[in-house]
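Please look over the chain shown here, and then read on for a report on its overall make-up and on its largest pocket.

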Amino acid sequence: MPVLHSAPKIASNEGVLDALVAALGSKVVASKEEHGEIVLTVARDEIENALRALRDDHGYQQLMEMAGVDYPSRPERFDVVYMLLSVTKNHRLMVKVTAAENTPVPTVTTLWPNAGWLEREVFDMYGVIFSGNPDLRRILTDYGFEGHPFRKDFPLTGYVELRYSEEDKRVVYEPVKLAQDLRSFDFMSPWEGAEYVLPGDEKAAAAAAPPPVATPKVTETKADTGAGDKANDKAAEKSEKGDAK
């Protein structure tokens, strides 16, 4: 028996952006529809109120995920992205706020309990501070870890390395001796294609045409086949049977 549900199989974005911007009013700093998704940038101090309105008044019941993005050249270098899902509308929505290294973002653990773990992950990887989170500790890195691995200026090999010391009979931490400069990023999507030649692509020159064959190889005599008389006789028998059909 088919299960009937009010949520459509395919949700349309038509009219959603204008309706949400009008409802949230001054809380919205910027809005756009891009790659089939609606993205709202909300004032940082209003993020809790904005998400509460989206949950209670517009049916986005679930906080599916949170993520961070680092743009080192910006004064507020971090984006904190909230991915919302409406199970009754089968529709997804992305909400963003910006933050600096020392700018706290209000917690949304008051709206969704799972935000506690998600905020800890963004804090651990990027160093974004969430004010009001009752348990803002690292969640993925080791005890005593220094730095935040997903920042663009974090060295590829980290700040410290660990090894087992036979002398001390324990695991010891030592500074990484490989110095690395700040890397530069253009934030271009590899799926959309870069506007420049990627490293290694210059080796992919046009394939050269195969060299011409001076004398084609043919089997003009039985000796050219290398199979022998018995094999040639068998081949002749199969050919005669095929002709008879």
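Ala, Val, Leu, Ile, Met, Phe, Trp, Tyr, Cys and Pro count as nonpolar, Asp, Glu, Lys and Arg as charged, and the others, Gly among them, as polar. By this scheme, the lining of the largest pocket holds eight nonpolar residues, one polar and five charged.

This is a predicted model, in which local features need pLDDT of at least 70 and side-chain atom pairs count only at pLDDT 80 or more, while totals for chains, interfaces and linings use all residues. Residues are numbered from 1 along each chain as its sequence is written, and side-chain values use heavy atoms, with hydrogens and water left out.

The protein chain has five helices and nine strands, where helices (H or I, at least four residues) and strands (E, at least two) are DSSP runs numbered from the N terminus. Of its 245 residues, 30% are buried, that is, under 20% relative accessible area with a 1.4 Å probe, protein chains only.

The largest pocket (an open set of points on a 1 Å grid where a 1.4 Å probe fits, with protein on both sides within 12 Å along at least five of seven lines) encloses about 380 Å³ of space. Of the 14 residues lining this pocket, those with an atom within 4 Å of a point, the closest to its centre are Val-69, Tyr-71, Val-81, Met-94 and Lys-96. Each strand in the table supplies at least two lining residues, and E4 gives the most, with three.

| Strand | Residues |
|---|---|
| E1 | 28-34 |
| E2 | 37-42 |
| E3 | 62-70 |
| E4 | 78-86 |
| E5 | 91-99 |

Key: Points joined across faces, edges and corners; volume = space filled by probe spheres on them. Buried < 20%, exposed > 50% of the residue type's maximum accessible area, 1.4 Å probe, protein only.
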